[in-house]
Amino acid sequence: MLTVIVGLTAQDVQFCSERFWALMNDPILSLDIAMFTPLVQRLLRFETVGLYLLTERGHGLDAFNIETTATQTPDGYILHTPREEAAKFMPASTPAFKIPKVALVMARLIVKGEDRGCRFFVVPICNEREMYEGVHSTRLPPRSGTGPLDFSITTFDHVHLPHTALVASDMYDVSKPARPLEAWWDEIWRIQLGTMAVPAPWVSALKAVAYIGGRYSMHRSLLGKNNEPTPIITFRTQQWPIAHATAVGMVMANWFPLAVRQAMEECPDHRVRHAMSVIIKSTVCRHFQRCVPEVAERCGAQGTFEQNYMARIENDGKGVIIAEGDVLTLCIRLFSELLQGHFEVPLPDPSESLLAQHAASLLQENHNLFTSLKCEHRSDAFNSLILPQSQNVVEAIGHALAYSAAVKAGLPKPILDIYESAVIRQDPAWYSEEAKISRMEQRIREDAAVSSFMPHLDTFLGQLGIENYVSAPIVSDKEWKVYLESLTVYSGSAIPQVEPFQAVL
């Protein structure tokens, strides 16, 4: 088990130590995104799997209004799902993999008929063979193209829990919070760390996709002039996706650990730490979504097969977009708070780069619009004109921070130029209107960036440091032939019966 190999302890998980973040960044996690479930000692050894049952089928991200109840009794609590819409969705809660499971279940604490707010309870779910009494798990069909986890709908039918099941510093304190929403956020505060952790494997996945696509493009050839083999990487339309993914992989690999350290050590305000988590997740995930399909498509039919990694990891990535908070919803909340001046996030000085200018300009532009509308953040005008800009602005902040970190780390200029060109592609109108770089100039800058990148392609692919984790057989003709030998071959001796017929136009 990887957690045993790296020596992860409960304290590492509790305080998110450097060892914890090193595990999150290990490239092997991008090969199996379901292999790490943090809890205490038994869970760290994977003798038991831990689940986090928060959201419900009928509420989704509106988790503050969940309906599952935990009613206090003289000897503990009764956990109950009052209706189908209150079922927990979608953690893998069946005993199908023959391993015990336990869950943190959020429920409304009911004391003497009064709702005392949402609290977490530790609830045994199943042993190696069957569900525990009163706990029901309905296995969902597999998500298209992804690993076969037993995603489920989980319900509780008057499950008795001891007093000790309540997760609290004082398990006898069942008083009603003065500010229920703030208390709820205090209960789920570690989600911001999950928001920051879930994109970590996609940094390695980006590098793996760049490596696979790059190596494949270097040996895959077609017949050119004089019937001479011409590698497809010689075409600019093939060069850009590989250069793009390689640059993004290197920039994200450099920025992610720095951003995590900044969030954990330099952000005493928990709101700013959560903001950094949202910026990190949004930036990494959206880069992933742009790069992976682009490279996979340029690998043709080979890019669609599971053994070549790209199609499967693209589908897995869709789950990460919603895990620990849907990207767009997170961006909406953060952007609204920034415009209302609740707090500020650290931004590079606009003089540092075009990307820093872009981020600062978009923030100011939307702040001016908000002021001119003379509306509050729940108004129709805010919803129509400002909310649709949320993700673009949050991403722009991430781009500026990542580029600034790359410059300070001394990443090669071709990598910086490709990354800059990729970001410009996302908002060419702003760079034309505000930075005075015309569409033709943008195209020429991108061409120069790719031209400076290509002579170093082999070196940059090696610098990704991902080769030992790549098993896709298309990376070389030799690997493909070895893989081909392992496949089932169907043959026979049947003779087709040909009937005479007349072909007619």
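Good morning. I begin with Ser-336, which touches Phe-382 and Leu-387 when residues up to four places away in sequence are not counted. Please bear in mind throughout that this is a predicted model. Ser-336 belongs to helix α11, which spans residues 327-339. Is Ser-336 buried or exposed? Its relative accessible area is 8%, and because buried means under 20%, Ser-336 counts as buried.

I turn next to the nonpolar cores. The largest of them has 104 residues. Which residues have the most contacts inside this core? They are Met-252, Trp-255, Ile-279, Ile-397 and Tyr-419. Among the secondary-structure elements, helix α8, residues 236-265, gives the most to this core, with 14 residues.

Ile-279 merits a closer look. Leaving aside residues up to four places away in sequence, Ile-279 touches Trp-255, Leu-334 and Val-345, and its contacts also include Val-394, Ile-397, Gly-398 and Leu-401. Two of the names on that list, Trp-255 and Ile-397, appear with Ile-279 among the residues with the most contacts inside the core.

There is also a second, separate core, with 23 residues. Its members include Val-111, Val-123, Phe-156 and Leu-166.

Let me now move to the strands, starting with β3. This strand covers residues 76-80, and four of its five residues are buried, so β3 is largely enclosed by the rest of the structure. How many bridges join β2 to β3? There are five, and the two strands run antiparallel, with β2 formed by residues 69-73. Together β2 and β3 form a hairpin, with two residues between them. Within this pairing, Ala-70 has Leu-79 of β3 as its bridge partner.

β3 also pairs with β9, residues 159-161, through three bridges, and here too the strands run antiparallel. In this pairing Tyr-77 stands opposite Leu-161 of β9.

Finally, I come to an open sheet of three strands. The strand order is β4-β8-β7, and the pairing is antiparallel. Which strands lie at the edges? They are β4, residues 88-90, and β7, residues 135-139, each of which pairs on one side only. From one strand to the next, the twist averages 15°. β4 is joined by three bridges to β8, residues 152-156, and these two strands run antiparallel. In this pairing, Lys-88 stands opposite Thr-154 of β8.

That concludes my presentation. Thank you for your attention.

Notes:
Residues are numbered from 1 along each chain as its sequence is written. This is a predicted model: local features need pLDDT of at least 70, side-chain atom pairs count only at pLDDT 80 or more; totals for chains, interfaces and linings use all residues. Side-chain values use heavy atoms; hydrogens and water are left out. A nonpolar core is a set of buried Ala, Val, Leu, Ile, Met, Phe, Trp, Tyr and Cys residues joined through side-chain atoms within 4.5 Å. Buried means under 20% relative accessible area, exposed over 50%, partly exposed in between (1.4 Å probe, protein chains only). Contact means heavy atoms within 4.5 Å. Two strands pair if DSSP finds at least two bridges between them. Axes are lines fitted to C-alpha atoms, for helices over the stretch in contact, and angles run from 0 to 180 degrees between N-to-C directions.
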